[in-house]
Structures are given as C-alpha cells and as structure tokens.
Amino acid sequence: IYTPSTGNTPLIKRTTPLTTPQTLTSEMIEAMIGVDTFMSDYLRGLFEEEKMCNSMQWYRANGMQSFLERRDAMIDWLCTVGMSCELQRLTIYRAIYYFDKLCSIKEVHLAHLQIIAANCLLIAVKWTEKEEKVPSLYQLSKACNKKYTPHQLKSMEIRICELLAFQLKIVLPLDFIEYYIDEGCVFADDMLGHMTNLHLNAQSNVYMKKYVTFFLDIISQNYCFWQFLPSILGMAVIIASRRALKIEPYFSRKLVAVCKYEPTEILRCFTCVWTEFKHKFPNDASAAEMVQPHDLQQFM
C-alpha cells in the first residue's frame, strides 16, 4: 500500500513515449503570433500626428522682424538653463517649439519674452522629463535674475497653456531622426576614407547621433526652419550629418526606404540646413565639400 505515512511512492508507469521539444523557427513564430510591425506602426503614427500638428500651421514668413531681433538671446537663455538642469535635448527643442509658436500666433510684449520662455521650458519639462527634473518656480525665478516672482511665473504658465489651447502633444524632427537611426542610416556599401563595413562598427551610430544633435542645435537657432515638416527636416539632418562625417556617398538610395522621401522632396530643406552649417562653420563645411563637392541634385 502506498501512503504518505509509509513514505512509499507509487511507481509511475509512462504510457506515452518521451518526445524531444520542437525547435521553433522564426517562420513558425510569425505564423503563431504574426509579424512584428511595431516599428512600421510607430512611423505611421508619427506621420499621422505630424498631419494633425506641425509648425507649418503657424510659421510666419513676414511680420516677425521685431521678435526675431530678440529671439536669439531667448533661445540662448533657454538652451543654457536647459543644459544647466541636465534636461534632454528633446525637452529643450519642445520648449523652443512652444515659445516660437506662441510668439507667432499672438502679439506678445517683447519686453517680457523671458517669462514666456521660462514657462515654455517648464511646460516642456513637465511633458517630457521625470518629476524630479521639474524645476521649482523659485529656481526659474532665480534663472530669470528674480525679474519675475514665483507667483507671476505660475500665473503665466496657466495662461500660456490656454493660449496654446492645451495642444502640447507635438512631433519634432528628433522624433523622426531617432526612428531613422534605429532603422539604420549607415549601410554596407558606405565608405569613410579607406574604411568599409561602417554599418558593423558600433561607433557609427554613436557619431551619427552626435552629429544630428549638433545640426539640430544649429537649426534651432534659426526661426526659418519651422517652415519645414519635421519628417523632412529630420531626413535633411541625417543627410547633412553623413556629409559632415565624410561618409561616401553622403546620400544613399537606401535612405529613401528608411525615411520615405525622394531627394526632390528634401532638396530645398537640405540646402537650407547645409547653408546654415556653412555660414556658422565654414571650415568644417569646406572640408566636407572637398571630399564630396556635388550637391544633392546629382542623386536625383
């Protein structure tokens, strides 16, 4: 008799033969759970959001001279405060978007641009960063050299959200660029001097990210770049970064598959980006042009 008290256990008689676990191939997994469409769905979502909200809807080509004369100082201040608070670049770019949009759709008092910029930064931080990164109103007041009290900053924050109609969800060039880089913007047939197989080098994406940030910092200083869709501006920055890195050729047809635009659709934007780079860093631009002197039209 087999009982727990005797300590005996019954002998199990197996009626089915042992089987070896089946190894699942990628095709079998896809058949069971479907193809992974996360990245394509993500890009589709970005394009849909871009249609609903983009800077072309509020960009003003004329009538902004008085504001633009004071804008540079405010953008420098935004970037300085953002960097001192160790904020993400995305947060700073978002703050600049809110600031430029508000100053484009409303007649603002030019003597008080700083309180607008400070609150745009605060709103951007609350949207993008972790809670511990949100500066206090006292800190913002101090960053403004105590020109505005915490109470004044709080009142202005609410007013700015109202003026923006609480449309705080936006798509920026960096959103598209991060997708482009994740999908791959360095290819098997790219060359850098005598170096090949750049796509296998882990440093390729590291340098690409550094250069796109560099170009985004440059274009954020110029209001005129809001005239372009963020997806187009993102691709133009990728191409400009490849050229500045001296990757040959700086434009590849494979970029069309990743970014979804033909060179003809990017040409004007890329020309503006490269011209701005050449204006601010003529020596670096000339060094890149010596390696690849032809413009984007050659690839059409």
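# Close-up views of a predicted model

**View 1. Helix 4 against helix 5.** In this predicted model, helix 4 brings L90, T91, R94, A95, Y98, F99, L102 and C103 up to helix 5, where they meet L113, I116, A117, C120, L121, I123, A124, V125, W127 and T128. Sort that contact by residue class and you get 15 nonpolar, two polar and one charged residues. Helix 4 covers residues 89–105 and helix 5 covers residues 113–128; their axes sit 8 Å apart and make an angle of about 135°. With that angle, helix 4 counts as oblique to helix 5. As for handedness, helix 4 goes past helix 5 in a right-handed crossing.

**View 2. Helix 4 by itself.** How far should the 17 residues of helix 4 span at 1.5 Å a residue? The expected figure is 24 Å, and the end C-alpha atoms are 24 Å apart, so the two agree. Burial is the other thing to look at here: 15 of the 17 residues of helix 4 are buried, so the helix is largely enclosed by the rest of the structure.

**View 3. Helix 9 and what covers it.** Helix 9 runs over residues 202–220, and its 19 residues should span 27 Å at 1.5 Å a residue. Its end C-alpha atoms are 28 Å apart, which agrees with that expectation. Which residues of helix 9 are buried? They are S204, M208, V212, F215, L216, I218, I219 and S220. Some background on spacing helps when reading such a list: an α-helix has 3.6 residues a turn, so residues three or four places apart point the same way. The cover over the buried residues of helix 9 includes helix 3 (65–84), helix 4, helix 8, helix 10 and helix 12.

**View 4. Helix 12 meets helix 13.** Helix 12 (residues 263–280) packs with helix 13 (residues 282–291) at an angle of about 125°, and their axes are 5 Å apart. That angle makes helix 12 oblique to helix 13. On the helix 12 side the contact has W274, F277, K278, H279 and K280; on the helix 13 side it has P282, D284, A285, A288 and E289. The class split here is five nonpolar, one polar and four charged.

**View 5. S141 in helix 6.** S141 belongs to helix 6, which spans residues 137–143. Is S141 buried or exposed? Its relative accessibility is 5%, so S141 counts as buried, the cut-off being under 20%. Leaving aside residues up to four places away in sequence, S141 touches K146, K147, Y148, T149, P150 and L153.

**View 6. Backbone oddities in the loops.** A quick reminder before zooming in: most residues other than glycine have a negative phi, and most peptide bonds are trans. N145 has a positive phi of about 60°, although it isn't a glycine. You'll find N145 in the loop between helix 6 and helix 7 (150–163), and N145 is exposed, with a relative accessible area of 69%. A165 is another non-glycine with a positive phi, this time about 55°. Its place is the loop between helix 7 and helix 8 (173–183), and at 47% relative accessibility A165 counts as partly exposed. Then there's the peptide bond from E248 to P249, which is cis, with omega near -10°. P249 lies in the loop between helix 10 (230–244) and helix 11 (254–259).

Note on methods
Residues numbered from 1 in each chain as written. Predicted model: local features only at pLDDT ≥ 70, side-chain atom pairs only at ≥ 80, totals over all residues. Heavy atoms only, no water. Axes fitted to C-alpha atoms, helices over the stretch in contact; angles between N-to-C directions. Helix = DSSP H or I, 4+ residues; strand = E, 2+ residues; numbered from the N terminus. Parallel < 35°, antiparallel > 145°, perpendicular 65-115°, else oblique. Left-handed = near helix turned anticlockwise from the far one by under 90°. Contact = heavy atoms within 4.5 Å. Nonpolar A, V, L, I, M, F, W, Y, C, P; charged D, E, K, R; others polar. Expected span 1.5 Å × (residues − 1). Buried < 20%, exposed > 50% of the residue type's maximum accessible area, 1.4 Å probe, protein only.
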